[in-house]
Amino acid sequence: MSSKRGGVSLPERPGSGGSKGILSRVSSSLNQSPIVYRGKRAASEAADVGKKLLKSTGKAAWIAGTTFLILVVPLIIEMDREAQLNELEMQQASLLGTPPPGIAAPK
């Protein structure tokens, strides 16, 4: 029976006598099913593959990023410097009244 603490105690359900309810029996039989076991194993393997894919994708992103920094960024900087130098030469030529480099003087 249940303990008395100062309230009304309800009697136990008939037929419950410590045995499992129907829902818990069905649930435990489903959890022990080979289909559920295969499903859990497939989900676990899919999670492992996802982790490995994410890890390898991260490595590939690191390689691509560092390669870009080492090879492409200096090229971009050099092209920008060259464009600034050409613009400066054009400005100087226009101030001095000479034709800009690359344009032939008329004969």
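## A long helix with a kink

Helix H2 runs for 63 residues and reaches 90 Å from its first C-alpha to its last, close to the 93 Å expected at 1.5 Å a residue. Keep in mind that what you're looking at is a predicted model.

H2 takes in residues 34–96, and there's a kink of about 35 degrees in it, centred on Leu69. Just past the end of the helix comes Gly97, which follows H2 and has a positive phi, near 85 degrees.

Now zoom out to the whole protein chain. Its secondary structure comes to two helices and zero strands. Of its 107 residues, 2% count as buried. The chain exposes about 10000 Å², and carbon and sulfur atoms supply 65% of that area.

Back to Leu69, the residue at the centre of the kink. Is Leu69 buried or exposed? Leu69 counts as exposed because its relative accessible area is 54%, and the cut-off for that label is over 50%. Leu69 also has a part in a nonpolar surface patch of about 540 Å², made together with Phe68, Ile70, Leu71 and Ile76.

Next, the charged side chains. How many salt bridges does the structure hold? There's one, and it pairs Glu78 with Arg81, with the closest N and O atoms 4.0 Å apart. In general, side chains of opposite charge can pair when their charged atoms come close. Glu78 and Arg81 are separated by about one helical turn, because they sit three residues apart in helix H2. An α-helix has 3.6 residues a turn, so residues three or four places apart point the same way.

Here's how the residues picked out above sit relative to the surface:

| Residue | Relative accessible area | Label |
|---|---|---|
| Leu69 | 54% | exposed |
| Glu78 | 43% | partly exposed |
| Arg81 | 53% | exposed |

So the salt bridge joins a partly exposed Glu78 to an exposed Arg81.

How values were computed: Residues are numbered from 1 along each chain as its sequence is written. This is a predicted model: local features need pLDDT of at least 70, side-chain atom pairs count only at pLDDT 80 or more; totals for chains, interfaces and linings use all residues. Side-chain values use heavy atoms; hydrogens and water are left out. Patches are made of residues with over 30% relative accessible area and no salt bridge: like charges are joined within 9 Å, nonpolar side chains (Val, Leu, Ile, Met, Phe, Trp, Tyr) within 5 Å. Accessible areas come from the Shrake-Rupley method with a 1.4 Å probe; for residues, only the protein chains shown count as cover. Helices (H or I, at least four residues) and strands (E, at least two) are DSSP runs, numbered from the N terminus. Buried means under 20% relative accessible area, exposed over 50%, partly exposed in between (1.4 Å probe, protein chains only). The expected span of a helix is 1.5 Å times one less than its number of residues. The bend at a residue is the angle between axes fitted to the seven residues ending there and the seven starting there.
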